[in-house]
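Visitor: Please take one part of this protein and go through it closely. I would like to hear about an enclosed space and the residues around it.

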Amino acid sequence: MRWDHLRLDGDPGPEPPLIERRAVARTFDTPEFRSMTFYEVRARTVVNKVPEASRMPFRWTINPYRGCSNACVYCFARKSHEYLDMDAGADFDSRIVVKVNAAERVRAELASPRWRGEHIALGANVDCYQRAEGRYRLMPGILAALRDAANPFSVLTKGALILRDLPILREAAERAAVSAAVSIGSVDPDLWRLAEPGTPPPRRRLAVCTALNEAGIGCGVLMGPVIPYLSDSPAQLDAAVRRIAGAGATWVSAITLHLRPGAREWFMAWLRAHHPELIVPYARLYGSGAYAPREYQDDISRQVRDLAARYGIGDRAAHRAAPPPPPPEPPGQLSLL
């Protein structure tokens, strides 16, 4: 198994263990958590190094959760749930691993003589402000550890719960570079309800962007993914960028949908259920691969850049913390969302 570091040695018994022997599986009989299971584990490490082959614009990440109740049908991280002996579909959405000792591990790892104070990205794999965070409250301790170490960091989220932690974010920003981004691929409420059912609506995320910038935390928008045939028309892109500009975003960067194994199967099943007329166009656009053609991606990026210039995104007064750079372009496709 690929998460042996989350369990103890010992006889696993007749079933392969998903969690260490002292971990706890919990269910909560409340509307927001109904049909969900939380596996509470004690992780050995929480500050994780990005693989050398990655072209991400950062080398270190913190992900206090695995699996995500945002339930975005396209999420690239779905495949990683199979490493836990769970499936990449419904299990990813409803069986969430919670690293309950995340804050203490971050504090210990940042205090190590080997740590060099590099930038850390939070929320790069699954959302650290998904619904579970409202109950487990791991982020205040994590942010406090980063603040106390004066360590630079950025946060990417679709959640509104980040506003709960504004006081700590502002304190951290007084000691190191701190920035944020919200992910909003479309402002179409009907598409949001179908494709991202566990997230706050786009208008709420835009309000989060406004609030963060007003509080002095530079916040941009990762416009991703742009979903072919569903959110990629010139009118739809214009509507999204216009609303993003109105929210005061410091930058906007577009990412086109990509369909890696795990995510591809789940997304295509969703497409067959809700937009069967798009199955053939998707077969033409994606073939058997994960990425739309480069010229299609470049066209989407160009349109969003032109719209950002038209609406003045990035022309406003500088904020305390510079926004993180837009993700670079690896061969074939961007890969942050």
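Guide: What follows is a walk around one cavity. The model is predicted, so local features need pLDDT of at least 70 and side-chain atom pairs count only at pLDDT 80 or more, while totals for chains, interfaces and linings use all residues. Residues are numbered from 1 along each chain as its sequence is written, and side-chain values use heavy atoms, with hydrogens and water left out.

A cavity here is a set of points, on a 1 Å grid over the protein atoms alone, where a 1.4 Å probe fits but cannot get out. Grid points are joined across faces, edges and corners, and a volume is the space filled by probe spheres set on the points. By this rule there are 3 cavities of 30 Å³ or more. The second largest has a volume of about 100 Å³. It is lined by 14 residues, and those closest to its centre are Gly185, Ser186, Leu191, Trp192 and Glu196; a lining residue has an atom within 4 Å of a point.

Helices H6 (189–195) and H7 (202–214) each supply at least two residues of this lining. H6 gives the most, with 3 residues. Helices are DSSP runs (H or I, at least four residues), numbered from the N terminus.

Sorted by class, the lining of the second largest cavity holds 8 nonpolar, 3 polar and 3 charged residues. Ala, Val, Leu, Ile, Met, Phe, Trp, Tyr, Cys and Pro count as nonpolar, Asp, Glu, Lys and Arg as charged, and the others, Gly among them, as polar.

Conventions
1 Å grid on protein atoms, 1.4 Å probe; cavity = no way out; pocket = protein on both sides within 12 Å on 5 of 7 lines; lining within 4 Å.
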